Amino acid sequence: MLSSLTFSLLSLLILTTPPSQALSPSTNDPATVCIIGSGIGGASLSYFLRHHSAGVGQIRVFERNGIVGGRMAIVSIAGETFEAGASILHPKNYHAANFTKLLNLTVKKPSLSSSSIGIWDGKRFLFETLRSDSKFPFVQRIVSITNSILLFVRYGLSLLRMESFVESSLSRFLKYYESFESRPVFETVDEMLKWAGLYNITARTLQEELIDVGLSPLLIQELVTVITRINYGQSLSISGLAGAVSLAGSDGELWSIKGGNWQMAAGLLNHSDVELHLHEEIESVSYIGDYYELNSTKGNSYACQVTVVATPLDELNIRFTPPVSIPERKLQHTHTTFVRGLLNPVYFGLNAISEIPELVGTIEDPDIPFSSISVLKQHNEKDMTYKIFSREPMADTLLDHIFSTRRETIRINWAAYPRYNAPEVFAPFMLDGQHLYYVNAFENAASTMETSAVAAENVARLILSRFSGQVPSSSTNLKSSRSDGEDFHLDL
């Protein structure tokens, strides 16, 4: 299944060293920091530790897989590269934008063509927008205006109320980019959310929040449900904050990194001069007094004065001594299925493939076997690449019913994000009273690439303030440099 995920790595740039002996580091030396996980959380943390302080010594990053990037990955089909995991960034994702500039990565902007959207109830399309294949900007503009009118006719002023709800939540989130002089270091997620005025909307469901702000039942049950099912694979019972983040993910100016968003994590790790341990899973973390001893499945032991978990603990079996306690939660698995072929118009009650919207979103109905189907690339009239999101695996028999032809099929099962359940309860950033930290504690508020970076910056500041008493500089002047991020990706 994963053989089609293709990545490259120049092995000379992988920093590998013999396993360290489990000896206490000298208290006179700069702190040795061990990070479990090489996704955007771990990579951002590495960067912020280096960027905000010169007092951090060796940084070791452990990744159980053969690639960095965590839930950011790509898949290759018919010579084209597509995002297989975390795929979109918002215009106001300022950390991601700064990382992109720092690493000299290329922004991939959304297509200018007007893609059609259809809301499917399992039997018929409840609503559809117009489609335009024209390359002329003025034609695209006319189609876009017409689609806006169609949306307004169906949903009315509720669209403006929805936009206001999202903007209100986003404006509060932007407080996390304020200068350090006005922004505290937070020891708990609760404190972090309350400071920004976001805590209350994690205690109520998205549906409750939207009803209170005056959205119509039609908009909530159709368009909002389609968006939450696509972005979080869940229903309107997710928390208000997770819902607001999901709705923000429908912005028209979304962007990504050309060649794959994984390059952001890879570039940050390379830029931060880390010692990277691929194919090495940490199975136990023990506090020995002045340091932590990490033992891996390879039989190696490492001594670290600071240890950070930057991957969800929910489906891992790391043994902590002494034991740590976090609220129990389940992860929402999103099954991503890529199909190269052609959809079957008969399945949708239509006569021709051209009548099927380019994005088919679905309402909340247990009988509908998928959350969405979207066209990623039209190679020619009889050959397209599609991306399907579903809560359960898509069996071959089902795919053969939905598609008239299938030339290639790739399936990926992502433990993608928490299963949101308002009111949310949060794990602590500090897993013990010493120097064991947990970046992913913030995920129960919202799970995105940017929220991981925001949480990582806070944890970096927390480490520096608690371990060394340093007050990190709030400088945000990011200098452009050549990215060698691609050199951290191995062939899977």
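# A guided tour, starting at a disulfide

Select Cys 34 and Cys 304: a disulfide joins these two residues, with the sulfur atoms 1.9 Å apart. You are looking at a predicted model. If the term is new to you, a disulfide is a covalent bond between the sulfur atoms of two cysteines. How many disulfides does a search of the whole structure find? The search finds 1.

Rotate the view until you can look along the S-S bond. The angle about this bond is -60°, and the link of Cys 34 and Cys 304 is left-handed. Now colour the strands at either end. Cys 34 belongs to strand E1 (residues 31-36) and Cys 304 to strand E12 (residues 301-304), so the pair ties together parts that are 270 residues apart in sequence. Are these cysteines buried or exposed? Cys 34 has 0% relative accessibility and counts as buried. Cys 304 is buried too, with a relative accessible area of 0%.

**Stop two: the sheet with E1**

Stay with E1 and show its sheet. This is an open sheet of 5 strands in the order E9-E2-E1-E13-E20, and the pairing is parallel. Which strands stand at the edges? They are strand E9 (275-277) and strand E20 (436-438); each has a single partner strand, so one side of each is left without a neighbour in the sheet. Step across the sheet from strand to strand, and you will find a twist that averages 20° from one to the next.

Zoom in on strand E13 (residues 306-309), which pairs with E20 in the parallel sense over 3 bridges. Select Val 309 and look across to E20, where its bridge partner is Tyr 438. While you have side chains on display, keep a general rule in mind: in a regular strand the side chains alternate between the two faces of the sheet.

Next, add helix H1 (residues 40-52) to the view. H1 lies across E1, strand E2 (56-62) and E13, and runs at about 175° to E2.

**Stop three: the sheet with E12**

Go back to the other end of the disulfide and show the sheet around E12. Here you have an open sheet of 4 strands, ordered E12-E11-E10-E14, with mixed pairing. The edge strands are E12 and strand E14 (319-321), each of which pairs on one side only. On average, neighbouring strands of this sheet are turned by 15° against each other, with direction ignored.

Select strand E10 (residues 282-287) together with E14. These two pair in the parallel sense over 3 bridges. Look for Ser 284, which stands opposite Arg 319 in E14.

**Stop four: a hairpin**

Now select residues 74 to 83. Strand E3 (residues 74-77) and strand E4 (residues 80-83) pair here in the antiparallel sense over 4 bridges. Ser 76 stands opposite Thr 81 in E4. What is there to see at the turn of this hairpin? The hairpin of E3 and E4 has 2 residues between the strands, and Ala 78 takes a positive phi near 55°.

**Stop five: aromatic rings**

Show the side chains of Phe, Tyr and Trp. A search of the whole structure finds 21 aromatic pairs. One of them is Trp 120 with Phe 125, a tilted pair at 5.0 Å centre to centre and 55° between the planes. Trp 120 and Phe 125 are both buried.

Keep Trp 120 selected and add Tyr 347. Their ring centres are 6.4 Å apart and their planes meet at 35°, so this pair is tilted. The pair links distant parts of the chain: Trp 120 is in strand E6 (residues 117-120), Tyr 347 is in the loop between strand E15 (331-343) and strand E16 (359-362), and the two are 227 residues apart. Tyr 347 is buried, as is Trp 120.

For a bigger selection, pick Tyr 94, Phe 173, Tyr 176, Tyr 177, Phe 186, Trp 195 and Phe 442, which ring pairs link into a cluster.

Then try two charged residues over rings. Lys 194 lies over the face of Tyr 199, at 4.8 Å from the ring centre. Arg 461 lies over the face of Phe 180, at 3.8 Å from the ring centre.

**Last stop: the whole chain**

Zoom out to see the full chain, with its 11 helices and 20 strands. Of its 492 residues, 54% count as buried. Among contacts between residues at least 6 apart in sequence, 75% join residues at least 24 apart.

Terms used
Residues numbered from 1 in each chain as written. Predicted model: local features only at pLDDT ≥ 70, side-chain atom pairs only at ≥ 80, totals over all residues. Heavy atoms only, no water. Phe/Tyr/Trp six-rings, centres within 6.5 Å; stacked < 30°, edge-to-face > 60°. Buried < 20%, exposed > 50% of the residue type's maximum accessible area, 1.4 Å probe, protein only. Lys NZ or Arg CZ within 6 Å of the ring centre and 35° of its normal. Disulfide = S-S within 2.5 Å. Pairing = 2+ DSSP bridges. Axes fitted to C-alpha atoms, helices over the stretch in contact; angles between N-to-C directions. Contact = heavy atoms within 4.5 Å.
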